[in-house]
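Colleague: I would like a close look at the charged pairs in this model, taken slowly and with the surroundings of each partner described.

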Amino acid sequence: MKKRNLFLSIATAAVVSATTSVGIVKYYSDSTSVVVSEKNINEQVQTQSVSFKQFNAAAPPNLDFTKSAESSLKGVVLIGNYQESGSRNRDPFLEQFFGGTHQHPESGRVLQLAGIGSGVIITPDGFIATNNHVVDGAAKLTVILDNKKKYTATLVGVDPTTDLALLKINAESLQYITFGNSDDTKVGEWVLAVGHPYNLGATVTAGIISAKARSIGILRKNNLGIESFIQTDAAVNPGNSGGALVNVKGELIGINSAIASPTGSFAGYSFAIPSAIVKKVVADLKEFGKVQRALLGVAIQDVSAELITLKDLKVERGVYISGASPNGAAALAGLEVGDVITKVDERTIETASELQEYLGQFRPGDKVKVSYKRGDDLKLTTIVLKNKLGTTSMMK
């Protein structure tokens, strides 16, 4: 069968200077191999010829996006990532907006603009959520608000396992976006993506949620990576990374993070980190400076038709336990290799992504009720979640 290329890009949703290369994950639709390559954003922009009309259906006539768009635009910021001079090629177009080179406040070394992205103000006193890959490698971070005021941001903390970061600026009474509940979102629901694509200025695009709990392999290099993206067909392009995905009420239901594209620019699908994960991660970063991950201590995989036949499973859907740490939280609660998790706290679990997303909202020491199938028997147990060291303490 002829291979069809699909690029899953975590970096192309964040503009780096137009002459700078960004990492692209090249994903073959009929193969499990992942190859890292590089594309030049300037070339991608020049050759992009996709008609967006084929992707977004017209909204129902009684659906009004204006209020949610207006409030969201004021809560989304533009982020400049400055790195040491020589680490990136200069981009005069971006430097006109951000102010060219800067000096490092401590070393005195010359810093130049390496890339831009978006961020979401989540509190009136200046906390801002964005992507880890937007701030990666920064020696200085600059934030520009909707009213054009410019601030130097402090990096509170990052979490590569979810591709999230938290910034803080010294400001008060800011317009911010309130959290919505991503668990309540539904496939087919209308959403808005808000960000700063291509440094054109704050931009709003509309689409629908086309899938939930989507895993696309971009965080797979990290064993603790959580991939349970909200997939939409709202147009997201370089510069949108870290921006807001909001519902029609203007509530934050996700942070835009990646796109699926044959070119590196939008071609139909974009992916956002659910707000349920964002809310927990930023709370951890504010309180502890790092994320407190709660783990079952098991290796898991989706139940598939092949696995049902191979293992003679008595379920149609669920999460199969293929490995378990003897002293892990699940094993101590009685789960074994071969068991299939079907529910957690009355929430039906059909995929490993759904299980990861739900557990990503807890801290070590929290308890969850787990329903699982062992042969023909349906069992229920309570599990005390642990950290990666096998304790219930908060990590420092």
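Colleague: To begin with a single residue, is Lys314 buried, partly exposed or exposed, and at what relative accessibility?

Modeller: This is a predicted model, and in it Lys314 counts as partly exposed because its relative accessibility is 39%, which falls between the 20% limit for buried and the 50% limit for exposed. Lys314 forms a salt bridge with Asp312, in which the closest N and O atoms are 3.4 Å apart, and the structure holds nine salt bridges. Another of these joins Arg347 to Asp183, with 3.3 Å between the closest N and O atoms; since Arg347 lies in strand β20 and Asp183 in the loop between β10 (164–168) and β11 (190–195), the pair ties together parts that are 164 residues apart in sequence. Both partners are partly exposed, Arg347 with a relative accessible area of 23% and Asp183 at 27% relative accessibility.

Arg363 and Glu287 also form a salt bridge, their closest N and O atoms being 3.3 Å apart, and this pair links distant parts of the chain, with Arg363 in the loop between α8 and β21 (367–374) and Glu287 in helix α5 (residues 275–288), 76 residues apart. Here Arg363 is partly exposed, with a relative accessible area of 22%, whereas Glu287 is exposed, with 53%. Lys280 and Asp284 are linked with Glu287 and Arg363 in a network of salt bridges. As for helix α8 (residues 352–359), six of its eight residues are buried, so the helix is largely enclosed by the rest of the structure; among the buried ones are Leu355, Glu357 and Tyr358.

Technical notes:
Residues are numbered from 1 along each chain as its sequence is written. This is a predicted model: local features need pLDDT of at least 70, side-chain atom pairs count only at pLDDT 80 or more; totals for chains, interfaces and linings use all residues. Side-chain values use heavy atoms; hydrogens and water are left out. Buried means under 20% relative accessible area, exposed over 50%, partly exposed in between (1.4 Å probe, protein chains only). Helices (H or I, at least four residues) and strands (E, at least two) are DSSP runs, numbered from the N terminus. A salt bridge is a side-chain nitrogen of Lys or Arg within 4 Å of a carboxyl oxygen of Asp or Glu.
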